[in-house]
Amino acid sequence: MVHIVEKAEWPTPHLSPSRTIHVYSSAPDIELQLSGSSLGVRKNSEWLGWTEWNITQQQLPTSGAATLTAIARNRSGSVVATHSRVAPS
């Protein structure tokens with residue numbers, strides 16, 4: 001199981017320069033991708049069941065919709081679940 005908590009709203013220069021994204025999962029490793037580019041793999045906090053990433057305005061695509069994809073992997077590295085959120089540009 002993997003779930004991106006935040007709705008698809010991105011940081012804006014006049015409101016906030018960054019946005020924290022929380023991902024809940026039962027898997028030990030979670031990768032977050034932004035429009036196909038990896039934002040890194042994080043170890044799941046077993047006692048909390050979530051990880052987080054900060055996304056800045058500069059990381060967003062310059063055109064088109066932005067897609068966040070969380071990828072949950074088991075201990076051997078196999079993908080066990082994915083969840084995506086799409087926001088218009």
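In the predicted model, strands β1 and β2 are paired in the antiparallel sense through three bridges. Within this pairing, isoleucine 4 lies opposite valine 23 of β2. On β5, valine 23 has threonine 51 as its bridge partner. The pairing of β2 with β5 is likewise described as antiparallel and extends over seven bridges.

Together these strands form an open three-stranded sheet in the order β1-β2-β5, with antiparallel pairing. Its edges are formed by β1, residues 2–4, and β5, residues 50–56, each of which pairs on one side only. On average, neighbouring strands of the sheet are turned by 25° against each other, direction being ignored.

The two faces of β2 were then examined. In a regular strand, side chains alternate between the two faces of the sheet. In β2, Arg19, Ile21, Val23 and Ser25 make up a covered face, whereas Ser18, Thr20, His22 and Tyr24 make up an uncovered one.

Two residues of the covered face, Ile21 and Val23, are listed among those with the most contacts inside the largest nonpolar core, a set of 16 residues; the others so listed are Val2, Ile4, Leu32, Leu68 and Ala70. Two or more residues of this core are supplied by each of β1, β2, β3 (29–34), β5 and β6 (66–73). The largest share, four residues, is contributed by β6.

On the uncovered face of β2, attention falls on tyrosine 24, which is located in this strand, residues 18–25. Tyrosine 24 has a relative accessible area of 35% and is therefore classed as partly exposed, since this class lies between the limits of 20% for buried and 50% for exposed residues. Tyr24 also joins Met1 and Val5 in a nonpolar surface patch of about 270 Å². Patch membership requires over 30% relative accessible area, and the value of 35% for tyrosine 24 is consistent with this requirement.

With regard to the protein as a whole, seven strands and zero helices are assigned. From the N terminus on, the order of elements is accordingly β-β-β-β-β-β-β. Of its 89 residues, 37% are counted as buried.

Technical notes: Residues numbered from 1 in each chain as written. Predicted model: local features only at pLDDT ≥ 70, side-chain atom pairs only at ≥ 80, totals over all residues. Heavy atoms only, no water. Patch = residues over 30% accessible without salt bridge, like charges linked within 9 Å, V, L, I, M, F, W, Y side chains within 5 Å. Areas by Shrake-Rupley, 256 points an atom, 1.4 Å probe, with all protein chains shown as cover. Salt bridge = Lys/Arg side-chain N within 4 Å of Asp/Glu carboxyl O. Buried < 20%, exposed > 50% of the residue type's maximum accessible area, 1.4 Å probe, protein only. Pairing = 2+ DSSP bridges. Axes fitted to C-alpha atoms, helices over the stretch in contact; angles between N-to-C directions. Core = buried A, V, L, I, M, F, W, Y, C linked by side-chain atoms within 4.5 Å.
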